[in-house]
Amino acid sequence: MNKKQRLFLFAGYDADGIIDDAIIYYAEQLNKFGDVILVMDCDAKKSETDKIRKYCIHVTAARHGEYDFGSYKRAYTFARDKGILKNYDEIYLVNDSVFGPMCDMKKVLNKMESVKSDATGMVVSKHRTHAYMESWFVRLNNKIATSDWFDKFITSVTNQPTKNRVTVKYEHGLSQTITNNKCTWGGVYTVWGRATYNYPKHLFNRGCPFIKRACFIRHYG
């Protein structure tokens, strides 16, 4: 697939407003395969954002307090309002809560795009009562990304009182909204519960090219 057929809506955060080497590397790798819009949920100086600008078609860094989905919202509305959203076959939601990629991104994207569904998560998390796509790397096809119902979902993102509420309302909610609108979703890797965080080596050995940053501070990770 031509790189211009992919758009990466990239959400970032750094408590100190620093664009570090890890996120620069991630953006550089994404840029090889598509266009990147980076929205940081933190205040960063121009000298910081300039470090990554050459890999992105648009960069903003201002605290909004709506977590990754708030950044996805802002990246999406930029693409929509500029009239470029419709130009892409695949639109990705990705964030910097992971380290990587630690292998060729081409293989990663081929896996994502070979899943026969309208949306694909890098990882699907299954729980006793439900399953959902983990929102740190999700592919949406053009049909979803340009639909009125997705526009309504993503532009309705607002500040929530807790991070858990963000997870339930928007991360779980994305998969449910896709289902409710008669589209399909799937995943490349499936885990149970919090295995992405608690057993990163197992997932990495299965071929997942990313490791969640939180793994390095969690007890089991």
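**Close-up views of a predicted model**

**View 1. Surroundings of Thr-177 in helix α7.** Thr-177 touches Trp-149 and Phe-153, with residues up to four places away in sequence not counted. The model shown here and in every other view is predicted. Thr-177 belongs to helix α7, which spans residues 163–180. The relative accessible area of Thr-177 is 16%, so this residue falls under the 20% limit for buried.

**View 2. Packing of helix α3 against helix α6.** The two helices are α3, residues 67–81, and α6, residues 148–155. Their axes lie 9 Å apart and meet at an angle of about 135°. The angle is neither over 145 degrees nor in the range 65 to 115, and therefore α3 is oblique to α6. From α3, the contact is made by Phe-69, Tyr-72, Lys-73, Tyr-76, Thr-77 and Arg-80. From α6, Phe-150, Asp-151, Phe-153, Ile-154 and Thr-155 take part. By residue class, this contact of α3 with α6 holds six nonpolar, two polar and three charged residues.

**View 3. Glu-66 in the loop ahead of α3.** Glu-66 is placed in the loop between β3 and α3. This acidic side chain is buried, with a relative accessible area of 12%. The side chains of Glu-66 and Lys-73 are joined by a polar contact of 3.0 Å. Apart from residues up to four places away in sequence, Glu-66 touches Asp-41, Lys-73, Arg-74, Val-157, Thr-158 and Asn-159. Lys-73 is also one of the α3 residues in the contact with α6.

**View 4. Helix α1 and the elements that cover it.** Helix α1 covers residues 21–31, and its buried residues are Ile-23, Ile-24, Tyr-26, Ala-27, Gln-29 and Leu-30. Among the elements over these buried residues are the strands β1 (6–12), β2 (35–40), β4 (90–95), β5 (98–99) and β8 (137–141). Helix α4 (105–114) is also included in this cover. At the start of α1, a side-chain oxygen of Asp-20 comes to within 3.2 Å of the backbone nitrogen of Ala-22.

**View 5. The largest nonpolar core.** This core has 35 residues, and the members that touch the most others are Phe-10, Ile-52, Met-122, Phe-137 and Phe-210. Two or more residues each come from β1, α1, β2, β3 (58–61), β4, α4, β6 (119–126) and β9 (185–192). Helix α1 gives the largest share, five residues. With neighbours within four places in sequence left aside, Ile-52 is in contact with Ile-19, Ile-23, Ile-24, Ala-27, Leu-38 and Val-59. Of these partners, Ile-23, Ile-24 and Ala-27 are among the buried residues of α1. A second core, separate from this one, has 31 residues, including Ile-37, Ala-145, Phe-153 and Ile-178.

**View 6. Ala-145 in helix α5.** Ala-145 is found in α5, residues 142–145, and is a member of the second core. With a relative accessible area of 1%, Ala-145 is buried. Beyond its neighbours within four places in sequence, Ala-145 is in contact with Tyr-76, Leu-85, Ile-91 and Phe-150. Two of these partners, Tyr-76 and Phe-150, also belong to the contact between α3 and α6. From C-alpha to C-alpha, Ala-145 and Asn-180 are 15 Å apart in space, and 35 residues apart in sequence.

**View 7. Gly-34 between α1 and β2.** Gly-34 sits in the loop between α1 and β2. Its relative accessibility is 0%, and Gly-34 counts as buried. The C-alpha atoms of Gly-34 and Asn-141 are separated by 14 Å, and these residues are 107 residues apart along the chain.

**View 8. Backbone geometry at Tyr-67, Lys-182 and Pro-101.** Tyr-67, in helix α3, is not a glycine but has a positive phi of about 60°. At 35% relative accessibility, Tyr-67 is partly exposed. Lys-182, likewise not a glycine, has a positive phi of about 60°. Lys-182 lies in the loop between α7 and β9 and is exposed, with a relative accessible area of 76%. Pro-101 is in the loop between β5 and α4. The peptide bond that joins Gly-100 and Pro-101 is cis, with omega about 0°.

Notes
Residues are numbered from 1 along each chain as its sequence is written. This is a predicted model: local features need pLDDT of at least 70, side-chain atom pairs count only at pLDDT 80 or more; totals for chains, interfaces and linings use all residues. Side-chain values use heavy atoms; hydrogens and water are left out. Buried means under 20% relative accessible area, exposed over 50%, partly exposed in between (1.4 Å probe, protein chains only). Helices (H or I, at least four residues) and strands (E, at least two) are DSSP runs, numbered from the N terminus. Contact means heavy atoms within 4.5 Å. A polar contact is a pair of N or O atoms within 3.5 Å; within protein, one must be able to donate a hydrogen and the other to accept it, and residues adjacent in sequence count only if both atoms are side-chain atoms. A nonpolar core is a set of buried Ala, Val, Leu, Ile, Met, Phe, Trp, Tyr and Cys residues joined through side-chain atoms within 4.5 Å. Axes are lines fitted to C-alpha atoms, for helices over the stretch in contact, and angles run from 0 to 180 degrees between N-to-C directions. Angles under 35 degrees count as roughly parallel, over 145 as roughly antiparallel, 65 to 115 as roughly perpendicular and the rest as oblique. Ala, Val, Leu, Ile, Met, Phe, Trp, Tyr, Cys and Pro count as nonpolar, Asp, Glu, Lys and Arg as charged, and the others, Gly among them, as polar.
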